[in-house]
Amino acid sequence: MKIHEKYIARCIELAKNGLGNTFPNPLVGSVIVHNDQIIGEGWHQKAGEPHAEVHAINSVKDKSLLKKATIYVSLEPCSHFGKTPPCADLIITHQIPKVVIGTIDPFAKVCGAGIQKLKDAGCEVTIGVLEQESQQLNKRFFTFHQKKRPYIILKWAETADGFIAPASKEENKPVWITNTYSRQLVHKWRTEEQAILIGTQTAIYDNPQLNVRDWTGNNPTRIVLDRNCKISKENHIFDTSAPTFIMDASIIDLTKNSVHQITQWLFDNNIQSVIIEGGSRTLQHFIEENTWDEARIFKGKNTFGTGIQAPKLSGHVVAKKQLLDDELLIISNYD
(Lines give C-alpha, C1' and ligand atoms only; values in the text may rest on other atoms or scores of the structure.)
Protein backbone atom coordinates (compact mmCIF):
# COMPACT_ATOMS: atom_id res chain seq x y z
CA MET A 1 0.00 0.00 0.00
CA LYS A 2 2.89 2.37 0.60
CA ILE A 3 3.68 2.46 -3.09
CA HIS A 4 0.04 3.22 -3.81
CA GLU A 5 0.06 6.05 -1.27
CA LYS A 6 3.09 7.56 -2.97
CA TYR A 7 1.28 7.89 -6.28
CA ILE A 8 -2.10 8.93 -4.89
CA ALA A 9 -0.24 11.67 -2.98
CA ARG A 10 1.12 12.80 -6.35
CA CYS A 11 -2.42 12.75 -7.75
CA ILE A 12 -3.57 15.03 -4.92
CA GLU A 13 -0.64 17.36 -5.51
CA LEU A 14 -1.50 17.60 -9.21
CA ALA A 15 -5.21 18.11 -8.55
CA LYS A 16 -4.56 21.25 -6.50
CA ASN A 17 -3.42 23.00 -9.67
CA GLY A 18 -7.08 23.24 -10.67
CA LEU A 19 -8.23 25.00 -7.48
CA GLY A 20 -10.76 27.71 -8.30
CA ASN A 21 -11.19 26.68 -11.93
CA THR A 22 -13.10 23.37 -11.88
CA PHE A 23 -16.47 24.34 -10.34
CA PRO A 24 -18.91 22.61 -10.41
CA ASN A 25 -16.55 19.68 -11.01
CA PRO A 26 -14.21 18.29 -8.36
CA LEU A 27 -10.43 18.58 -8.22
CA VAL A 28 -8.86 15.44 -9.65
CA GLY A 29 -5.31 14.33 -10.38
CA SER A 30 -4.13 11.21 -12.19
CA VAL A 31 -0.82 9.40 -12.56
CA ILE A 32 0.05 6.42 -14.79
CA VAL A 33 2.85 4.12 -13.61
CA HIS A 34 4.76 1.34 -15.37
CA ASN A 35 7.55 -0.58 -13.58
CA ASP A 36 7.48 1.95 -10.74
CA GLN A 37 8.08 4.84 -13.15
CA ILE A 38 5.61 7.60 -13.91
CA ILE A 39 4.92 7.54 -17.65
CA GLY A 40 2.01 9.97 -17.66
CA GLU A 41 0.17 12.39 -15.43
CA GLY A 42 -2.46 15.12 -15.56
CA TRP A 43 -5.18 16.97 -13.68
CA HIS A 44 -8.61 18.41 -14.36
CA GLN A 45 -7.85 21.98 -15.34
CA LYS A 46 -11.24 23.57 -16.03
CA ALA A 47 -14.91 22.63 -16.04
CA GLY A 48 -16.02 21.49 -19.47
CA GLU A 49 -12.50 20.49 -20.47
CA PRO A 50 -10.91 17.00 -20.41
CA HIS A 51 -10.68 15.25 -17.06
CA ALA A 52 -7.48 14.25 -15.28
CA GLU A 53 -7.43 10.70 -16.69
CA VAL A 54 -7.64 12.04 -20.25
CA HIS A 55 -4.67 14.35 -19.74
CA ALA A 56 -2.68 11.56 -18.07
CA ILE A 57 -3.34 9.04 -20.85
CA ASN A 58 -2.65 11.62 -23.57
CA SER A 59 0.70 12.44 -21.97
CA VAL A 60 1.98 8.85 -22.27
CA LYS A 61 4.41 8.74 -25.20
CA ASP A 62 4.43 4.96 -25.69
CA LYS A 63 0.76 3.96 -25.56
CA SER A 64 1.66 0.26 -25.77
CA LEU A 65 2.79 0.47 -22.12
CA LEU A 66 -0.77 1.27 -21.00
CA LYS A 67 -1.74 -2.42 -21.24
CA LYS A 68 0.85 -3.19 -18.55
CA ALA A 69 0.42 -0.05 -16.43
CA THR A 70 -1.46 1.10 -13.33
CA ILE A 71 -3.52 4.29 -13.42
CA TYR A 72 -3.89 6.19 -10.16
CA VAL A 73 -6.66 8.73 -9.70
CA SER A 74 -7.60 10.73 -6.61
CA LEU A 75 -11.35 10.39 -7.26
CA GLU A 76 -13.41 7.59 -8.81
CA PRO A 77 -13.41 7.86 -12.63
CA CYS A 78 -16.74 9.12 -13.98
CA SER A 79 -19.11 6.66 -15.63
CA HIS A 80 -21.63 9.01 -17.26
CA PHE A 81 -21.72 11.34 -20.22
CA GLY A 82 -21.55 14.98 -19.12
CA LYS A 83 -19.71 17.66 -21.05
CA THR A 84 -17.04 15.01 -21.66
CA PRO A 85 -17.23 11.21 -22.20
CA PRO A 86 -16.87 8.76 -19.26
CA CYS A 87 -13.29 8.35 -18.03
CA ALA A 88 -14.03 4.76 -16.98
CA ASP A 89 -14.72 3.95 -20.65
CA LEU A 90 -11.43 5.55 -21.69
CA ILE A 91 -9.49 3.40 -19.19
CA ILE A 92 -11.24 0.30 -20.47
CA THR A 93 -10.63 1.24 -24.12
CA HIS A 94 -6.90 1.52 -23.46
CA GLN A 95 -6.96 -1.78 -21.56
CA ILE A 96 -5.22 -0.41 -18.48
CA PRO A 97 -5.36 -3.46 -16.18
CA LYS A 98 -5.00 -1.87 -12.74
CA VAL A 99 -6.80 1.16 -11.28
CA VAL A 100 -6.05 2.67 -7.85
CA ILE A 101 -8.56 5.20 -6.51
CA GLY A 102 -8.29 7.63 -3.62
CA THR A 103 -11.99 7.85 -2.80
CA ILE A 104 -15.45 7.11 -4.18
CA ASP A 105 -17.25 9.99 -5.91
CA PRO A 106 -20.26 11.20 -3.82
CA PHE A 107 -22.03 12.56 -6.94
CA ALA A 108 -25.16 10.46 -7.44
CA LYS A 109 -24.54 9.91 -11.16
CA VAL A 110 -21.16 8.31 -10.39
CA CYS A 111 -21.00 7.05 -6.75
CA GLY A 112 -19.66 3.55 -7.31
CA ALA A 113 -20.89 3.18 -10.89
CA GLY A 114 -17.46 4.02 -12.31
CA ILE A 115 -15.81 1.42 -10.10
CA GLN A 116 -18.38 -1.22 -11.03
CA LYS A 117 -17.92 -0.51 -14.74
CA LEU A 118 -14.15 -0.98 -14.38
CA LYS A 119 -14.56 -4.24 -12.45
CA ASP A 120 -17.07 -5.56 -14.98
CA ALA A 121 -14.48 -4.94 -17.70
CA GLY A 122 -11.91 -7.01 -15.82
CA CYS A 123 -9.85 -4.21 -14.26
CA GLU A 124 -8.22 -4.83 -10.89
CA VAL A 125 -9.52 -1.96 -8.76
CA THR A 126 -8.09 -0.78 -5.43
CA ILE A 127 -10.19 1.75 -3.51
CA GLY A 128 -9.57 3.99 -0.48
CA VAL A 129 -5.86 4.82 -0.72
CA LEU A 130 -5.26 8.07 1.22
CA GLU A 131 -9.04 8.26 1.39
CA GLN A 132 -9.23 10.98 4.04
CA GLU A 133 -6.72 13.16 2.20
CA SER A 134 -8.55 12.62 -1.07
CA GLN A 135 -11.84 13.69 0.50
CA GLN A 136 -10.22 16.70 2.15
CA LEU A 137 -8.94 17.76 -1.27
CA ASN A 138 -12.57 17.97 -2.39
CA LYS A 139 -14.11 19.22 0.84
CA ARG A 140 -16.22 21.68 -1.18
CA PHE A 141 -17.50 19.02 -3.59
CA PHE A 142 -18.22 16.48 -0.83
CA THR A 143 -20.01 19.01 1.39
CA PHE A 144 -22.17 20.18 -1.51
CA HIS A 145 -23.30 16.68 -2.50
CA GLN A 146 -23.54 15.14 0.98
CA LYS A 147 -24.94 18.06 3.03
CA LYS A 148 -26.80 19.79 0.18
CA ARG A 149 -25.20 23.13 0.91
CA PRO A 150 -21.95 24.90 0.03
CA TYR A 151 -18.72 24.55 1.99
CA ILE A 152 -18.82 27.62 4.26
CA ILE A 153 -15.71 29.56 5.29
CA LEU A 154 -16.05 32.29 7.91
CA LYS A 155 -13.39 34.97 7.64
CA TRP A 156 -12.68 38.08 9.65
CA ALA A 157 -9.90 40.19 11.13
CA GLU A 158 -9.92 41.39 14.71
CA THR A 159 -7.78 43.71 16.76
CA ALA A 160 -5.60 42.64 19.67
CA ASP A 161 -8.43 43.77 21.99
CA GLY A 162 -11.09 41.77 20.13
CA PHE A 163 -12.86 44.24 17.87
CA ILE A 164 -13.85 43.64 14.25
CA ALA A 165 -14.55 47.34 13.51
CA PRO A 166 -14.27 50.71 15.29
CA ALA A 167 -17.31 52.25 16.97
CA SER A 168 -17.41 54.95 14.27
CA LYS A 169 -15.43 56.18 11.28
CA GLU A 170 -15.35 59.21 9.01
CA GLU A 171 -15.51 57.48 5.62
CA ASN A 172 -17.41 54.53 4.18
CA LYS A 173 -14.41 52.37 3.47
CA PRO A 174 -12.62 49.51 5.26
CA VAL A 175 -10.50 50.21 8.32
CA TRP A 176 -7.53 47.89 7.94
CA ILE A 177 -6.62 45.72 10.90
CA THR A 178 -4.14 43.46 9.09
CA ASN A 179 -0.96 44.06 7.07
CA THR A 180 -0.57 43.93 3.29
CA TYR A 181 0.65 40.31 3.31
CA SER A 182 -2.51 39.15 5.08
CA ARG A 183 -4.67 41.13 2.68
CA GLN A 184 -2.89 39.57 -0.30
CA LEU A 185 -3.59 36.12 1.14
CA VAL A 186 -7.29 37.01 1.38
CA HIS A 187 -7.31 37.89 -2.32
CA LYS A 188 -5.68 34.54 -3.10
CA TRP A 189 -8.44 32.82 -1.10
CA ARG A 190 -11.07 34.64 -3.15
CA THR A 191 -9.73 33.03 -6.33
CA GLU A 192 -10.19 29.60 -4.74
CA GLU A 193 -13.87 29.88 -3.77
CA GLN A 194 -16.98 30.19 -5.87
CA ALA A 195 -18.74 32.97 -3.96
CA ILE A 196 -18.30 35.63 -1.31
CA LEU A 197 -21.11 36.89 0.94
CA ILE A 198 -21.67 40.02 3.03
CA GLY A 199 -24.57 41.74 4.76
CA THR A 200 -26.20 45.13 4.25
CA GLN A 201 -24.23 47.03 6.87
CA THR A 202 -20.85 45.87 5.57
CA ALA A 203 -21.84 46.86 2.04
CA ILE A 204 -22.91 50.34 3.18
CA TYR A 205 -20.22 51.18 5.73
CA ASP A 206 -17.21 49.59 4.04
CA ASN A 207 -18.31 49.81 0.38
CA PRO A 208 -16.05 46.82 -0.45
CA GLN A 209 -15.26 45.66 -3.99
CA LEU A 210 -15.18 41.95 -3.07
CA ASN A 211 -13.11 41.13 -6.15
CA VAL A 212 -9.55 39.93 -6.76
CA ARG A 213 -6.94 42.67 -7.02
CA ASP A 214 -3.78 41.55 -5.19
CA TRP A 215 -3.65 38.12 -6.84
CA THR A 216 -4.34 36.54 -10.23
CA GLY A 217 -7.45 34.45 -10.66
CA ASN A 218 -11.21 34.42 -11.01
CA ASN A 219 -13.43 36.83 -9.12
CA PRO A 220 -15.92 35.07 -6.85
CA THR A 221 -19.64 35.63 -7.33
CA ARG A 222 -20.75 38.37 -4.95
CA ILE A 223 -23.77 37.60 -2.73
CA VAL A 224 -25.17 40.53 -0.76
CA LEU A 225 -27.94 40.35 1.85
CA ASP A 226 -30.09 43.47 1.46
CA ARG A 227 -33.69 42.72 2.47
CA ASN A 228 -34.90 46.32 2.29
CA CYS A 229 -32.76 47.43 -0.68
CA LYS A 230 -30.81 50.02 1.33
CA ILE A 231 -27.57 49.82 -0.63
CA SER A 232 -26.87 52.68 -3.04
CA LYS A 233 -26.56 51.83 -6.73
CA GLU A 234 -23.27 53.75 -6.61
CA ASN A 235 -21.80 51.09 -4.34
CA HIS A 236 -18.84 49.07 -5.66
CA ILE A 237 -20.85 45.85 -5.60
CA PHE A 238 -22.87 47.14 -8.54
CA ASP A 239 -19.86 47.50 -10.82
CA THR A 240 -19.28 44.92 -13.55
CA SER A 241 -16.10 43.32 -12.16
CA ALA A 242 -17.90 40.17 -10.92
CA PRO A 243 -21.31 38.48 -11.05
CA THR A 244 -23.46 39.87 -8.23
CA PHE A 245 -26.70 38.69 -6.63
CA ILE A 246 -28.68 40.81 -4.17
CA MET A 247 -30.77 38.80 -1.72
CA ASP A 248 -33.72 41.09 -1.00
CA ALA A 249 -37.18 40.32 0.38
CA SER A 250 -38.30 39.01 -3.03
CA ILE A 251 -35.72 36.21 -2.80
CA ILE A 252 -35.42 35.44 0.88
CA ASP A 253 -37.15 36.30 4.13
CA LEU A 254 -34.22 37.27 6.30
CA THR A 255 -36.37 37.30 9.45
CA LYS A 256 -37.16 33.55 9.39
CA ASN A 257 -34.41 30.93 9.69
CA SER A 258 -32.40 33.03 7.29
CA VAL A 259 -29.25 30.90 7.34
CA HIS A 260 -31.09 27.83 6.04
CA GLN A 261 -32.78 29.90 3.35
CA ILE A 262 -29.46 31.39 2.27
CA THR A 263 -27.68 28.05 2.06
CA GLN A 264 -30.65 26.51 0.24
CA TRP A 265 -30.56 29.33 -2.33
CA LEU A 266 -26.82 28.87 -2.79
CA PHE A 267 -27.28 25.11 -3.24
CA ASP A 268 -30.11 25.61 -5.72
CA ASN A 269 -27.85 27.93 -7.70
CA ASN A 270 -25.06 25.33 -7.78
CA ILE A 271 -22.62 27.30 -5.59
CA GLN A 272 -20.29 24.83 -3.88
CA SER A 273 -18.28 27.16 -1.65
CA VAL A 274 -18.68 30.59 -0.10
CA ILE A 275 -16.56 32.88 2.03
CA ILE A 276 -18.63 34.82 4.56
CA GLU A 277 -16.87 38.18 4.88
CA GLY A 278 -19.80 39.98 6.43
CA GLY A 279 -19.90 41.98 9.63
CA SER A 280 -20.18 40.55 13.11
CA ARG A 281 -23.97 40.11 12.90
CA THR A 282 -23.92 38.11 9.66
CA LEU A 283 -21.04 35.94 10.84
CA GLN A 284 -22.67 35.32 14.21
CA HIS A 285 -25.89 34.13 12.54
CA PHE A 286 -23.98 31.33 10.79
CA ILE A 287 -22.11 30.49 14.00
CA GLU A 288 -25.32 30.32 16.08
CA GLU A 289 -26.94 28.03 13.51
CA ASN A 290 -23.76 25.91 13.51
CA THR A 291 -23.72 26.20 9.72
CA TRP A 292 -20.05 26.61 8.90
CA ASP A 293 -17.11 24.37 8.11
CA GLU A 294 -13.99 26.46 8.59
CA ALA A 295 -13.07 29.81 10.14
CA ARG A 296 -10.06 31.88 9.16
CA ILE A 297 -9.36 34.55 11.75
CA PHE A 298 -6.66 37.20 11.55
CA LYS A 299 -5.50 38.88 14.74
CA GLY A 300 -3.76 42.21 14.26
CA LYS A 301 -1.50 43.99 16.73
CA ASN A 302 -3.39 47.30 16.84
CA THR A 303 -6.27 48.14 19.21
CA PHE A 304 -9.53 50.13 18.94
CA GLY A 305 -10.34 50.44 22.65
CA THR A 306 -14.02 50.29 21.80
CA GLY A 307 -16.04 49.21 18.80
CA ILE A 308 -17.92 46.23 17.36
CA GLN A 309 -16.97 42.98 19.06
CA ALA A 310 -15.59 40.17 16.92
CA PRO A 311 -17.75 37.04 16.62
CA LYS A 312 -17.31 34.21 19.11
CA LEU A 313 -17.01 30.57 18.15
CA SER A 314 -15.58 27.29 19.33
CA GLY A 315 -13.89 24.70 17.17
CA HIS A 316 -10.70 22.77 16.59
CA VAL A 317 -7.63 24.88 15.78
CA VAL A 318 -5.99 23.09 12.86
CA ALA A 319 -3.35 25.69 12.04
CA LYS A 320 -1.73 28.77 13.51
CA LYS A 321 0.47 30.95 11.32
CA GLN A 322 2.40 34.17 11.72
CA LEU A 323 2.29 36.70 8.86
CA LEU A 324 4.82 39.28 10.09
CA ASP A 325 2.94 40.93 12.99
CA ASP A 326 -0.41 39.30 12.17
CA GLU A 327 -1.53 35.95 13.55
CA LEU A 328 -3.78 33.68 11.48
CA LEU A 329 -5.91 30.97 13.08
CA ILE A 330 -7.57 28.27 10.98
CA ILE A 331 -10.41 26.66 12.93
CA SER A 332 -12.39 23.60 11.85
CA ASN A 333 -15.96 22.87 12.91
CA TYR A 334 -15.07 19.16 13.06
CA ASP A 335 -12.89 17.09 15.37
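This briefing walks through the cores, one helix, and the hollow spaces of the structure above. The model is a predicted one. Its largest nonpolar core has 26 residues, and another core, of 22 residues, lies apart from it. There is also one cavity of 30 Å³ or more, and the second largest pocket has a volume of about 1000 Å³.

**The nonpolar cores**

- A good place to start is the largest nonpolar core, where L154, W156, I223, I262 and I276 have the most contacts inside it.
- Several elements give two or more residues to this core: the strands β6 (151-158), β8 (195-198), β9 (221-225), β11 (273-276), β12 (294-299) and β15 (326-332), together with the helices α9 (258-268) and α10 (280-288).
- Helix α9 provides the largest share of this core, with four residues.
- The other core, which lies apart from the largest one, includes A56, I91, L118 and V125.
- As general background, nonpolar side chains tend to be buried together in soluble globular proteins.

**A look at W156**

- Leaving aside neighbours within four places in sequence, W156 is in contact with I164, L283, I287, R296, I297, F298, A310, P311 and L313.

**Helix α4 and its buried side**

- Helix α4 covers residues 113-120, and its buried residues are G114, I115 and L118.
- These buried residues sit on the same side of α4 because they cover an arc of only 100° around the axis.
- Among the elements that cover the buried residues of α4 are α3 (87-93), β4 (98-103) and β5 (124-127).
- After α4 comes G122, which has a positive phi, near 95°.

**The cavity**

- The largest cavity has a volume of about 90 Å³.
- It is lined by 14 residues, and T22, F23, L27, N138 and R140 are the closest to its centre.
- Helix α6 (residues 139-147) gives the largest share of the cavity lining, three residues.
- By class, the cavity lining has six nonpolar, five polar and three charged residues.

**The second largest pocket**

- This pocket is lined by 33 residues, of which Q136, L137, K139, Y151 and E294 are the closest to its centre.
- At least two lining residues each come from α5 (131-137), α6, α7 (180-192), β12, β14 (316-323) and β15.
- Helix α6 supplies the largest share of the lining of the second largest pocket, six residues.
- The lining of the second largest pocket divides into 15 nonpolar, six polar and 12 charged residues.

How values were computed: Residues numbered from 1 in each chain as written. Predicted model: local features only at pLDDT ≥ 70, side-chain atom pairs only at ≥ 80, totals over all residues. Heavy atoms only, no water. 1 Å grid on protein atoms, 1.4 Å probe; cavity = no way out; pocket = protein on both sides within 12 Å on 5 of 7 lines; lining within 4 Å. Points joined across faces, edges and corners; volume = space filled by probe spheres on them. Nonpolar A, V, L, I, M, F, W, Y, C, P; charged D, E, K, R; others polar. Buried < 20%, exposed > 50% of the residue type's maximum accessible area, 1.4 Å probe, protein only. Arc of directions from axis to C-beta. Contact = heavy atoms within 4.5 Å. Core = buried A, V, L, I, M, F, W, Y, C linked by side-chain atoms within 4.5 Å.
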